[in-house]
Amino acid sequence: MKRFKSPRQAQQFLSAHGPIHQHSHPRRHLMSAAEYRAHRTHAFEVWMQETCVRRAA
């Protein structure tokens with residue numbers, strides 16, 4: 001469990017973590033399996049693009 005040195009540090013982390021978590025963890029119970037797989041594939045592609053990770057050939 002991460003410990004924060006101050007409430008400000010915790011708030012900075014949480015303000016960035018919320019949108020990232022929502023992007024990568026959809027509400028599975030509201031989707032079909034195909035929709036969920038498509039959403040996860042898209043989220044992974046965006047993550048790869050934003051982090052500049054290249055796939056090995």
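Let's start at His39, which has its place in helix H2. Keep in mind that we are looking at a predicted model. Is His39 buried, exposed or something in between? With 26% relative accessibility, His39 counts as partly exposed, because buried would call for under 20% and exposed for over 50%.

Now for the helix around it. H2 covers residues 33-50, and its 18 residues should span 26 Å at 1.5 Å a residue. The C-alpha atoms at its two ends are indeed 26 Å apart, so the expected and the modelled span agree. Just after H2, look at Cys52: its phi is positive there, at about 60°.

From His39, hop over to Arg28. The two are 11 residues apart in sequence, and 9.9 Å separates them in space, C-alpha to C-alpha. What does Arg28 lie over? It sits over the face of Tyr36, 5.0 Å from the ring centre. As for rings pairing with other rings, the structure holds 0 aromatic pairs. Had there been one, the distance of the centres and the angle of the planes would be the way to describe it.

Next, head to the other helix. H1 runs over residues 7-24, and Phe4 is found in the segment before it. Phe4 has 30% relative accessibility, so this residue too counts as partly exposed. Which residues join Phe4 in a nonpolar patch on the surface? Phe13 and Leu14 do, and together the three have about 260 Å² of accessible area.

Finally, step back to the whole protein. Its secondary structure comes to 2 helices and 0 strands. Of the 57 residues, 9% are buried. The protein exposes about 5,400 Å², and 57% of that area is supplied by carbon and sulfur atoms.

Terms used:
Residues are numbered from 1 along each chain as its sequence is written. This is a predicted model: local features need pLDDT of at least 70, side-chain atom pairs count only at pLDDT 80 or more; totals for chains, interfaces and linings use all residues. Side-chain values use heavy atoms; hydrogens and water are left out. Patches are made of residues with over 30% relative accessible area and no salt bridge: like charges are joined within 9 Å, nonpolar side chains (Val, Leu, Ile, Met, Phe, Trp, Tyr) within 5 Å. Accessible areas come from the Shrake-Rupley method with a 1.4 Å probe; for residues, only the protein chains shown count as cover. A salt bridge is a side-chain nitrogen of Lys or Arg within 4 Å of a carboxyl oxygen of Asp or Glu. Helices (H or I, at least four residues) and strands (E, at least two) are DSSP runs, numbered from the N terminus. Buried means under 20% relative accessible area, exposed over 50%, partly exposed in between (1.4 Å probe, protein chains only). Rings of Phe, Tyr and Trp (its six-membered ring) pair if their centres lie within 6.5 Å; planes under 30 degrees apart count as stacked, over 60 as edge-to-face and the rest as tilted. A charge sits over a ring if NZ of Lys or CZ of Arg is within 6 Å of the ring centre and within 35 degrees of the ring normal. The expected span of a helix is 1.5 Å times one less than its number of residues.
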